[in-house]
Amino acid sequence: MMTRRITQLLIGLAMYGISLAMFIRAGLGLDPWDVFHQGVSEKTGYSMGIVVIAVSFLVLLLWIPLRQMPGIGTLANAVLVGLFADLGLWLIPEFSHLGGQIAMLAGAVILNGIASACYIGARLGPGARDGLMTGLVRRTGWSVRLVRTGIEVVVLAVGWLLGGSVGVGTVVYALAIGPIVQLLLPRFMVLETTPTPARTEAAQVTPAA
């Protein structure tokens, strides 16, 4: 079971990085966090992948006061998405024709949804940005919608001011990614192993620590 979870995690993160490169090559706008990443990349001269990795570890520092604990998937997410984003940017050409851009955007949204379902379904730890959201929800008592919207509005605004790409792709991503992940997640969710009758009986007679 663990082999499947790790394999699914790695495949999901690889696809997520490639989907990020596809969004960029489509040239029609990025999701809020990647608008921020692109803006920082434009200002610093570092590659998109390096910026994604650096921001991931900076966000993980914010987990400390929130008392969030990273998992294997959290650390893998922080490194692999950026590496595969740079690989995708190296492999995928830019598109100047609108038809190609639209096709690339559609493919990016679908691949991103599959990738998200894969790595979330592996249950090996949230990404740095998702963990920041859930940590703030737990510590403040605010709703998930309020916290997520607040974070994304801030990073989108800062990224746009830094030169990140905001466009129709930003809106398409916001509207489509939730339903896609919700549809696919049950197919990729690795369920807890059901205990055998012998183990269940042993647990019932074993005194609690």
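Axes here are lines fitted to C-alpha atoms, for helices over the stretch in contact, and the angles between N-to-C directions run from 0 to 180 degrees. The structure is a predicted model, in which local features need pLDDT of at least 70 and side-chain atom pairs count only at pLDDT 80 or more, while totals for chains, interfaces and linings use all residues. Residues are numbered from 1 along each chain as its sequence is written, and side-chain values use heavy atoms, with hydrogens and water left out.

The protein chain holds 10 helices and zero strands, where helices (H or I, at least four residues) and strands (E, at least two) are DSSP runs numbered from the N terminus. Taken along the principal axes, its C-alpha atoms fill a box of roughly 70 × 35 × 30 Å. Of the 209 residues of the chain, 45% count as buried, a term for under 20% relative accessible area, with exposed meaning over 50% and partly exposed in between (1.4 Å probe, protein chains only). Among contacts (heavy atoms within 4.5 Å) between residues at least 6 apart in sequence, 81% join residues at least 24 apart.

One pair of helices to look at is α3 (residues 48-61) and α5 (residues 72-91), which pack at an angle of about 165 degrees with their axes 7 Å apart. The two are therefore roughly antiparallel to each other, since angles over 145 degrees count as roughly antiparallel, under 35 as roughly parallel, 65 to 115 as roughly perpendicular and the rest as oblique. Residues making this contact include Ile50, Ile53 and Phe57 of α3 and Leu75, Val79 and Asp86 of α5. By class, the contact has 12 nonpolar, four polar and one charged residues, with Ala, Val, Leu, Ile, Met, Phe, Trp, Tyr, Cys and Pro counted as nonpolar, Asp, Glu, Lys and Arg as charged, and the others, Gly among them, as polar.

A second pair is formed by α2 (residues 32-44) and α8 (residues 144-162), whose axes come within 7 Å and cross at roughly 30 degrees, so that α2 and α8 are roughly parallel to each other. Their contact involves, among others, Trp33 and Phe36 of α2 and Val155 and Trp160 of α8, and it has 11 nonpolar, two polar and three charged residues.

Between α5 and α6, the loop contains His97, which is exposed, with a relative accessible area of 58%. The C-alpha atoms of His97 and Ala26 are separated by 9.5 Å, although these residues are 71 residues apart along the chain. Just after α6, Arg123 takes a positive phi of about 55 degrees.
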